[in-house]
Amino acid sequence: MMTALYRRYRPDTFEEVIGQEHVTKALQASLANGRINHAYLFSGPRGCGKTTSARILARCLNCAEGPTPTPCGKCDSCRDLGTGGPGSLDVVEIDSASHNGVDDARELRERATFAPARDRFKIFILDEAHMVTPQGFNALLKLVEEPPPHIKFIFATTDPDKVIGTIRSRTHHYPFRLVAPEVLRQYLADLCEKEGVQVEDGVLGLAVRAGGGSVRDSLSILDQLIAGETEPVLHYERAVALLGYTDSGLLSGLVDGLIAGSGAEAYGVVDRMIQTGHEPRRFVEDLLQYLRNLVIMRLAGAEAETVLGDVPAAELEKMRIQVAARPARTWTRAAELIDGGLSEMGGASSPRLSLELLVAKLLLEFGGASEKSGTVPTPELSDPPASPKQSDPPASPEPTEKEAAWKFEPTPWGIPGESESVARAVSETEQSERSQKGLTPSGAAEEAVNSASPVPAGDDYETIRSRWGEIMETLQASHSATASLLSEHGQLQGMRGATVEIAFQNQGMLRAFGERHTSALAAVIAEVTGINASVQGVIAGFGAPSAERSHGVGPLGARAATNEVSESHRDDGEGVKKRGSVLSQAPQTAFAPSQSERSQKGLTPGGAAEEESPAPWGIQGESEPASPLGQTLPAALPSVVTPERSDPPAAPKHSDPPAPPEPGIPVVDDTPGIDVAQAVLGGTIIDPNQSPSGHGFGANR
């Protein structure tokens, strides 16, 4: 009958104890100097050498040549206390878990009064000392405090805090630790060589990992693996199955699915894991260990193999390919998600559901479950797409969680009742442009098809939007001031061409977002996504590209860019001029009534001319605002182009009231009033006719 490995290879000297040099060296020094205490307290995790060291200390104290730091191993005391020995009458081991009461303490106190039968000292080793009751410790207190000269106490415990302070203060306390994996792996390799057992790559690493740093637990696991083989060879696959670990093929397959962004492949691995009987929580633990190896390999580079010595060579080669597919930040974020998911699975009623939700989060982190994944069919462009209904404004994309942090005020062209006039003005402009280009109806249809094709900027914007959280994290690490400004006041609004637009709620925040911040954000976007784009700040809601306009699709195409507030018309020295510049750039198509609306209002041609005259708040002599895209507004749309301002505009005739409307026809006043302009600008507009100087906004006051 074979004896267990942890009993056959139990150390007999302090030199044979592994991983506890801080304790063994100190004990050997005290023995060599003759400074021996009457009571010792050995504490530490299970299986790390506490009881073994207590026996070695007893051998050193009772050796015929001792007390000595190195027992001879030849005398009767050394042989009796050695590995396989019968034990000594003068060394008493007591299991405190079952002998922890007052009566047991009294019996021990009576036995301590007798002198040793043969050896130098009578030594009491109290294992699991934390199980002794406070009453039992109090019964021993007097004996431990003032023992006879031939008595020595050694307390061994895994929880020294449960040993009462009056006992603990009278002992020399030596804390034991778990053994380092590399030291324990080499120790197991030496034992396998002594046993004549061959070991495949990775088996000893599994045994060390299962042992958790405990020498006794690791030896028991190794003994189990050896016993489970028909030949003296330890196979990796069988060790994985016996120890309950997840097959590395499943872990690698799930990581491959995450890298490829394939939800079908990732969830297929989860299904195979369940079908093969693996426990979901253990699978997540092994996945976290696998991600840990990937993170180390990504950050440590060529030196990673020294840290990952227990990973098989074939698995290391596969991991090198995987880790090169994503940056280090992605792997660390994935590891954090898995760690959080593992904590949540502790009390989960459905571990499989928790695992599947965790896989969904990982797919989103790796970018495999975005809206542009191949699962959603895209419409064919062989036939021209149906033109959108001109009566309805273009649909805006639903805001994400971060975009919903603001409640954008409606743009001037979003005022109720204005959409029809805007659509008619745009339609007239498109017809004028087609006639100027000489396009036939078929050519116009072909142009519509070409304009509906998405431009590359759309893909860039989707990439930037999907990785905006990562961009903000990187920006926080390198440019904290810019990150703070964006997180509190800024909002990703869209992308126009190669320019990323950041929206702000007011002009003050827009001015604060200067060159230093735009350059920092552009650099971080290039670092994270590889997209070289410029950054521009805009007012929230002005020039906001919709889902179609950000891709260059839809009837409003590039014309919507004219609604953007131009930086060139701002003058920090004149606050009045700023407000006038902003008003002059508001979309005027919303304020220009069509011919049918003029007829409904009962306007004569002269009245129409009066109505189309510049608004009272127009600034005399100010240059015409330029389009942010550098394009000239088409001349065929008189309601959009700002009239020439070389001469002061004629003041509206206040003496002639407008013609009364016909009976039964409702009057729709679609021109924006002072209240609308004040809501857009966030200030107060002064009526030029009521100006103290009588010269309107342009006067120097």
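**Figure 1. Where strand β3 meets strand β4.** In β4, I151 is the bridge partner of K122. That pair belongs to a parallel pairing: six bridges join strand β3 (residues 122-127) to strand β4 (residues 151-157). As you explore this view and the ones that follow, please keep in mind that the model is predicted.

**Figure 2. The five-stranded sheet around β3 and β4.** Let us step back to the sheet these two strands belong to. In which order do its five strands lie? The open sheet runs β2-β3-β4-β1-β5, and its pairing is parallel. Its edges are formed by β2 (91-95) and β5 (172-175), each of which pairs on one side only. On average, neighbouring strands of this sheet are turned by 15 degrees against each other, with direction ignored. Helix α2 (residues 21-33) packs on the sheet, where α2 touches β1 (39-43) and β5. The direction of α2 makes about 150 degrees with that of β5. A general point helps when looking at any such view: in a regular strand, side chains alternate between the two faces of the sheet.

**Figure 3. The three-stranded sheet and its hairpin.** Here is another sheet to get to know, an open one of three strands in the order β8-β9-β10, with mixed pairing. The edge strands are β8 and β10 (534-539), and each of them pairs on one side only. From one strand to the next, the twist averages 30 degrees. Now look at the β8 and β9 pair: five bridges join β8 to strand β9 (residues 499-504), and the two run antiparallel. Among the bridge partners, L492 is matched with I502 in β9, while R496 is matched with T499 in β9. The hairpin of β8 and β9 has two residues between the strands, and G497 takes a positive phi near 70 degrees there. Is strand β8 (residues 491-496) enclosed or open to the outside? Six of its six residues are buried, so β8 is largely enclosed by the rest of the structure. To complete the scene, helix α25 (residues 515-529) lies across β9 and β10, running at about 130 degrees to β10.

**Figure 4. Helix α9, a mostly covered helix.** Seven of the nine residues of α9 (residues 203-211) are buried. Which residues of α9 are the buried ones? They are V203, L204, G205, L206, A207, V208 and G211. You can trace what surrounds them in this view: the buried residues of α9 pack against the helices α8 (181-195), α10 (215-227) and α11 (236-243), as well as the strands β6 (198-199) and β7 (233-234). Just after α9 comes G212, which takes a positive phi of about 65 degrees.

**Figure 5. Helices α14 and α18 side by side.** As a general guide, two packed helices are described by the angle between their axes and the distance between the axes. For helix α14 (residues 280-300) and helix α18 (residues 351-365), the axes come within 9 Å and cross at roughly 30 degrees. Why do these two helices count as roughly parallel to each other? Angles under 35 degrees count as roughly parallel, and α14 and α18 are therefore roughly parallel. The contact is made by P280, F283, V284 and L287 on the α14 side, and by P351, R352, L355, L358 and L362 on the α18 side. These residues divide into eight nonpolar, no polar and one charged.

**Figure 6. C72 and its neighbours.** This view zooms in on C72, found in the loop between α3 (50-62) and α4 (76-81). Is C72 buried, partly exposed or exposed? With a relative accessible area of 24%, C72 is partly exposed. Leaving aside residues up to four places away in sequence, C72 touches C63, E65 and C78. R59 makes a handy landmark: 13 residues apart along the chain, C72 and R59 have C-alpha atoms separated by 9.0 Å.

**Figure 7. The protein as a backdrop to the close-ups.** The elements above can now be placed in the full fold, which has 29 helices and 10 strands. Buried residues make up 42% of the 701 residues in the protein. Among contacts between residues at least 6 apart in sequence, 74% join residues at least 24 apart. The accessible surface comes to about 36500 Å², and 52% of that belongs to carbon and sulfur atoms.

How values were computed
Residues numbered from 1 in each chain as written. Predicted model: local features only at pLDDT ≥ 70, side-chain atom pairs only at ≥ 80, totals over all residues. Heavy atoms only, no water. Helix = DSSP H or I, 4+ residues; strand = E, 2+ residues; numbered from the N terminus. Buried < 20%, exposed > 50% of the residue type's maximum accessible area, 1.4 Å probe, protein only. Contact = heavy atoms within 4.5 Å. Areas by Shrake-Rupley, 256 points an atom, 1.4 Å probe, with all protein chains shown as cover. Axes fitted to C-alpha atoms, helices over the stretch in contact; angles between N-to-C directions. Parallel < 35°, antiparallel > 145°, perpendicular 65-115°, else oblique. Nonpolar A, V, L, I, M, F, W, Y, C, P; charged D, E, K, R; others polar. Pairing = 2+ DSSP bridges.
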